[in-house]
Amino acid sequence: MNMDTKGFSRTKAASKTMQAKDGLQRLELAGVIGLNGKRTLGAPPRVIEVNLGQPPVPPGSDGLEIYLIRRLWHNRRWGSTIVVKHVTESKQYFLQDGGHDGEVSALCLSKYGKFLASGQNSTPGFPAPVIIWDMETCVAMKRLTLHKGMIRDLSISYDEKFVCSLGGQDDNNIVVWDMLSGVAICGAPSGNQTSITLRWVDGRNDLLVSAGKNGSAKIWTFDYKHRKLIQHQISLGSMRRNFLCSLFSEDAKFLFLGTSSGDIFKINTETKLFRQSGPSNRKKNPLGKGILSIIRTRQKSPNHIIVGAGDGTIALMEMTSMKIIRKTKFEGGITSLALNAAGDHFFVGTTRSNTYLVSLADFDYELRATCDYMKINDVAFARGYSDLFATCSNGVRLWNAKERNELLRIEVNGLICHCVVIAPDGKSIVTGWEDGKIRAFTPTSGKLMYAINHAHKDAVTALAITNDSKRIISGGTIGHVRIWGISKQTQTMIASMKQHKGAVNSIMVDDTDNHCVTAASDGSCIIWNLNQYNRESCLYAITKFKSAVYHPEMCQLLTSGTDRKVTFWDVVSANEIRITECTKDGDVNDLAISPDGEWFASVGNDRVLRLWGYDDAECHYIGQGHSGFVTAVKISPDQKFIVTVGSEGAIFLWKMPSECLPAEIEEKNQVFEKVASESKKMASPSKKCKTRKKKTVSVQNRPAFR
């Protein structure tokens, strides 16, 4: 499939600003960083059943990587997003229009990459649709509705004429559909035991196999003329296993079934009898925690299979003898495998949200992509620098905003980091941890600069740094607010203030470094005097405050919390100015105001980003895509994009609408567009211009962010 086809331009156009159902404009996605390889159920190699994504390149995709952003909750009206990513470039395209309105539970790409089938979870007893996407036009072709509750697995026949679907535990039915018409041809219950994996026989559209719990394995004959499925039970004797994934040999004479006990069953498809199990040298090469994924090699190494285990082991196995030839081990379980187009490398996706490219010849590998695999608690930009931002979860990560890749990772003995802030001078990344310590790291190497032990009795939940980078204000879970003096050699506590009775969730310092505001779960926001170290005023409301931010002019405050409202406050009188209902469902977790003060963004447990006008307090744009609670939001210093992070571990980058850009930036963009259009008209295709090479500055050599 060619990247220059009209389909992908339509995909990109479909993700741009468009009209939502409630009349609001949708924000355009600029990029997504996210992969959660965790799964509880098995799936074939091209149907990666994970909570957040499918990283590898399926056969026939011709250099494209398809993965999905799944929803962890399915009783909301916002749908999931399917993302198409180029492997070698940083381009991403998004399939949203006409998509799912629930958790996406299965994904399958056809052999030649023409069609994509996706299934979803629904409320038990309610329809769970299957959507067929045309990858040439990148639009939803058909919406197939017959199953109820959940789509467990999907498979498309080799000739791309039929798609079969497997329902969940409450449904447990197999249905064969016509791809073009979307009509259900026939169906049948998969059996008394719950089936987990479903797959067409390679090279045939009249045979398919299903397998699942307690030794349930069947080969089905699809009779298109009489519109029925005929089952043939596979005889396993007295052996009982839970099957998680399946694979056919190239000639379709043998079926390989991966089990939860770490062995692989080899079945003769003609006699429907058990042939042998492997690996034959299992005692020397154990595969722990089950076989989660399995693929077949092609011309580069024929008659071999690659298996991925739950303990992180990747093994190359010979089909005939079932003997392991070579293996390697990664961090986290191997939930997905797929060969590249050439067949000499394969991609690996793990439960630790890492994607590797592995050489088939010697199993030499490189890390291609990574992201957080746990809840992201906070996000922070450097002062006046939009190309880099930091996030914190089970560690601290520094990201390149343009390329959307990881530049630096910092982990501390498996501890959870609750908050992160980059010093205004760009010389340190200051973090707060669950063990009550404040740690500062260098932004270039991640080396520990200093640690403040016992900064708080429990966890450090909020941090802020004064504009001169000489003082740190921290908050803890029991309500203490403490001020620390920072120098090159020492870090001393200047003051400790205890007036909050709940966890401090947010701290922000004003431009003068004379005051700061803290928001706490006890229903109070306190404005502190940083010169006299006492309370100057206090704001009360019947809510648990989650966020409090100053307007750039420092005359007003915005607060949000569990009352689902955004409140405007006067800083001097500490009185409410205006109250706006933000959402009807869930807490409002965080707020961010644009540098020019004209717009502000809100996120919360309803998984939606909202962009508001500050003066009219009206929501103008919404962004949909997160599958978990959105925990934090930040607007870039140049006001060109918004970054949101969620409990599912995903990072979303949203383009700022043109009308929301500052006047200077908008004028520059218009000038650049005019110059670009004129240069295209003047350019001659026969003449080549010499381009001057730009000097690149390594992040490791950058002394500061500015």
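Arg564 is found in the loop that runs between strand 47 (556-561) and strand 48 (565-570). In this predicted model, Arg564 has a positive phi of about 65°, although it is not a glycine. Most residues other than glycine have a negative phi. Its relative accessible area is 33%, and because buried means under 20% and exposed over 50%, Arg564 counts as partly exposed.

Asp513 also has a positive phi of about 65° without being a glycine. This residue belongs to the loop between strand 42 (504-509) and strand 43 (515-520). Is Asp513 buried or exposed? Its relative accessibility is 11%, so Asp513 counts as buried.

A further feature of the backbone concerns a peptide bond. Gly278 and Pro279 are joined by a cis peptide bond, with omega at about 0°. Most peptide bonds, by contrast, are trans. Pro279 is placed in the loop between strand 21 (273-278) and strand 22 (291-296).

These loops belong to a protein chain with 2 helices and 56 strands. The chain has 706 residues, of which 60% count as buried. Among its contacts between residues at least 6 apart in sequence, 45% join residues at least 24 apart.

The interior may be approached through the largest nonpolar core. This core has 22 residues, and Leu609, Leu611, Val633, Ile642, Trp654 and Met656 are those that touch the most other members. Which elements give two or more residues to this core? They are strand 2 (29-33), strand 51 (599-604), strand 52 (608-613), strand 54 (630-635) and strand 56 (651-655). The surroundings of Leu609 show how parts of the chain meet here. Leaving aside residues up to four places away in sequence, Leu609 touches Leu27, Ala601, Ser602, Val603, Tyr621, Ile622, Gly623, Val633, Ile642, Thr644 and Trp654. A second core, separate from this one, has 18 residues, including Val396, Leu415, Cys417 and Val420.

Trp612 offers another view of strand 52, the element in which it is placed. With a relative accessible area of 5%, Trp612 falls under the 20% limit and is therefore buried. Not counting residues up to four places away in sequence, its contacts are with Thr580, Glu581, Cys582, Glu598, Trp599, Phe600, Ser602, Ala617, Glu618, Cys619 and His620. One of these partners, Ser602, lies 10 residues from Trp612 along the chain, and the C-alpha atoms of the two are separated by 8.0 Å. Their side chains are joined by a polar contact of 2.9 Å.

The last topic is empty space within the protein. Rolling a probe the size of a water molecule over the atoms shows where such space is left. How many cavities of 30 Å³ or more does a search of the whole structure find? The search finds 2. The second largest cavity holds about 30 Å³ of space. Its lining consists of Glu331, Arg352, Asn354, Tyr373, Arg397, Arg409 and Glu411. By class, this lining has 5 charged residues, together with 1 polar and 1 nonpolar residue.

Key:
Residues numbered from 1 in each chain as written. Predicted model: local features only at pLDDT ≥ 70, side-chain atom pairs only at ≥ 80, totals over all residues. Heavy atoms only, no water. Core = buried A, V, L, I, M, F, W, Y, C linked by side-chain atoms within 4.5 Å. Buried < 20%, exposed > 50% of the residue type's maximum accessible area, 1.4 Å probe, protein only. Helix = DSSP H or I, 4+ residues; strand = E, 2+ residues; numbered from the N terminus. Contact = heavy atoms within 4.5 Å. 1 Å grid on protein atoms, 1.4 Å probe; cavity = no way out; pocket = protein on both sides within 12 Å on 5 of 7 lines; lining within 4 Å. Points joined across faces, edges and corners; volume = space filled by probe spheres on them. Nonpolar A, V, L, I, M, F, W, Y, C, P; charged D, E, K, R; others polar. Polar contact = N/O pair within 3.5 Å; in protein donor to acceptor, adjacent residues only side chain to side chain.
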